[in-house]
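Visitor: Please walk me through this structure, one packing question at a time.

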Amino acid sequence: MPAYHLLDEKTKIQVHWEQVWAQACPYSSLGKHYKNRLLPFGPNDRIAWQEEMNAVKQMRIALEDRDFAETLRNRLQSLRPVEQQLALLVKGMPLRVVDFFEIKQFLWTGRGLQESLREKQILFSWMTDVDWERLLRLLNPSAELKPDFSIDDGYDPRLAQLRNACDEVRAEIRKMRKELYDVLHARYGRLPNREGEYIWDKNDRDMLALANEDRSLIRQAENAWEVIFRIVDSTDIEKLKEKEQVLMEQLEAVEKEVLQEISRHFLPEVDRLRQVHQAFGRLDWLVAKSEWANRWKAVEPKWNEWGWLIEDAVHPWIEKQVCEKGGRYTPLSLTFQRGVGVVTGPNMGGKSVALKTMALLQGLAQYGFHVPVRAYTFRPVERIRFLGGDEQTSEHGLSSFGGEVKRLVDILGETGEGLFLMDEVARTTNPQEGEAIAVGLVRHLLTTEHSAFVATHFAAVAKVPGIQAYRVIGLAHEKKEEIRLHQAGDMLVQLQQAMDYRIVPLRTEREQVPQDALWIAEHLGLPKAIIRYGRTHLGEQLDLHAANSTPKDRQVSH
């Protein structure tokens, strides 16, 4: 896959990408690592993309089995990364006991994951298999396989001999110390404390005199009130301790040999284990995507070359925000061919949400997601860019308009076919020049390989020849009457509930685009004088526009 940025950071912020992306959460660090390094599918990756779609579909069906789903989640949560241990092997560094414990845990869990998949007859071309039994036996020479690891006696006959010898010496040391403690108990009427010490008051002269003469004790410390004596091991015990030390050094040397030998056996397996490591991260990510898709009742998108078909799409994060505020969310439905689309309509009409939803769906589809729609067909691109909102850049001292132009220059200067979602381009400068810039931009985009969907209030933009024109339905006449007759309550909420946010094709130039701004402003309480002057001015502008119109201006292409 190409290393391009499908969504840049500004686009991600403006379309609330991270809020949705974070909802698909892998269970293991391997899955999280895979997700963080993931690249999108590009226009040349159709075969790989379709394979991913099929994998998501297969996993979604499998996860409907609750027992299987729970077992899979538990095993993924138990999955531990071993990339660090594998890297040490490649460097020729023998691993420690704790390192092989981690590898064995990985193998143990990996074998369980493979068994779970086989039971459901789930097969993926990228899921590398290994001889789990053989590798586990390298870390488990005894008959019974266990998930933990230790340097078992079965690795080398010297291990058992040295460990038995150590045990015998320690047993003899314990025996001799018990005998000594028994003598001290009889002599002083009590055993030493846990630290092997006796503590006497300085006024206890008889005990102090006896202790000073006792070769089993040594005066260790004293203060103004007490004297502390520590038990001293006998010469025989010291000799046994020296013997134990020699045996321990011999045992550590043999254990080191064993670890080096295990490392030697595992070195040829590193490449395959890395492939398995990668595959399990991908499996975890696949499960996360599939669970996300099941939660949202998402559907498999369809790849095509001609453009986009969207039926009843939702933006999960925006829908959640709208519903939490008691609003009504309207799904997006739209057919848009490759090229330039222009949508007009009132403020509060949902144009920005439509653009953000289009960007989100495109991104999710190209990252191998099923998407939250009834149906979705898309054309893959190399870049998704969103332009809108306040582009003011304090870092460079730019105004909103300056920031917007700088952003536009950056977008147009990038290489690779793009899908551009543009919200109210050039609205932050004077209307005449803003409209001219917007018209010029749309005309330019029509000559490029890019596709763009532009939301605007500029009437001239919707008349550019060759565009696909759309409008937001807006407020229906009967809804206005209901609000006019029942003005009690929160007017803003009533307006939001009365608005028809659906986007439909603008069939001809003669079809009137809803002009609800003055009506909305009036019912939100703007002084009537302002509304009256505004309507007078609007009427004059419409008359002037009608007088200057030509047949050529009225052509609208679909």
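**Sheets, helices and a salt bridge**

Visitor: In what order do the strands of the 4-strand open sheet run?
Guide: This is a predicted model, where local features need pLDDT of at least 70, side-chain atom pairs count only at pLDDT 80 or more, and totals for chains, interfaces and linings use all residues. Residues are numbered from 1 along each chain as its sequence is written, and side-chain values use heavy atoms, with hydrogens and water left out. The pairing in this open sheet is mixed (two strands pair if DSSP finds at least two bridges between them). The 4 strands have the order S4-S8-S5-S6.

Visitor: Which strands are the edges of that sheet?
Guide: Strands are DSSP runs of E with at least two residues, helices are runs of H or I with at least four, and both are numbered from the N terminus. An edge strand here pairs on one side only. The edges are S4 (302–303) and S6 (332–337).

Visitor: Which residue in S8 is the bridge partner of Ile 310?
Guide: S5 (residues 307–313) and S8 (residues 375–378) pair in the antiparallel sense over 3 bridges. In S8, the partner of Ile 310 is Tyr 376.

Visitor: What angle does the direction of H14 make with that of S8?
Guide: Helix H14 (residues 351–366) packs on this sheet and touches S5, S6 and S8. Contact means heavy atoms within 4.5 Å. Axes are lines fitted to C-alpha atoms, for helices over the stretch in contact, and angles run from 0 to 180 degrees between N-to-C directions. For H14 and S8 the angle is about 75 degrees.

Visitor: Which residue in S3 stands opposite Leu 217?
Guide: An open sheet of 3 strands has the order S1-S3-S2, with antiparallel pairing. S2 and S3 form a hairpin with 3 residues between them. They pair over 5 bridges. Opposite Leu 217 stands Ile 231.

Visitor: Is H4 roughly parallel or roughly perpendicular to H12?
Guide: Their axes are 9 Å apart, and the helices pack at about 70 degrees. Angles under 35 degrees count as roughly parallel, over 145 as roughly antiparallel, 65 to 115 as roughly perpendicular and the rest as oblique. That makes H4, relative to H12, roughly perpendicular.

Visitor: How many residues of the contact of H4 with H12 are charged?
Guide: Residues meeting here include Glu 52 and Arg 60 in H4, and Arg 282 and Lys 289 in H12. Asp, Glu, Lys and Arg count as charged; Ala, Val, Leu, Ile, Met, Phe, Trp, Tyr, Cys and Pro as nonpolar; the others, Gly among them, as polar. The contact has 7 nonpolar residues, 2 polar and, as charged ones, 4.

Visitor: How is H6 oriented against H12?
Guide: The axes of H6 (residues 83–90) and H12 (residues 270–295) come within 10 Å and cross at roughly 160 degrees. That makes H6, relative to H12, roughly antiparallel.

Visitor: How far apart in sequence are the parts tied together by Lys 120 and Asp 65?
Guide: These two form a salt bridge (a side-chain nitrogen of Lys or Arg within 4 Å of a carboxyl oxygen of Asp or Glu), with the closest N and O atoms 3.2 Å apart. Lys 120 lies in the loop between H7 (97–119) and H8 (132–138). Asp 65 lies in the loop between H4 (46–62) and H5 (66–78). So the pair ties together parts separated in sequence by 55 residues.
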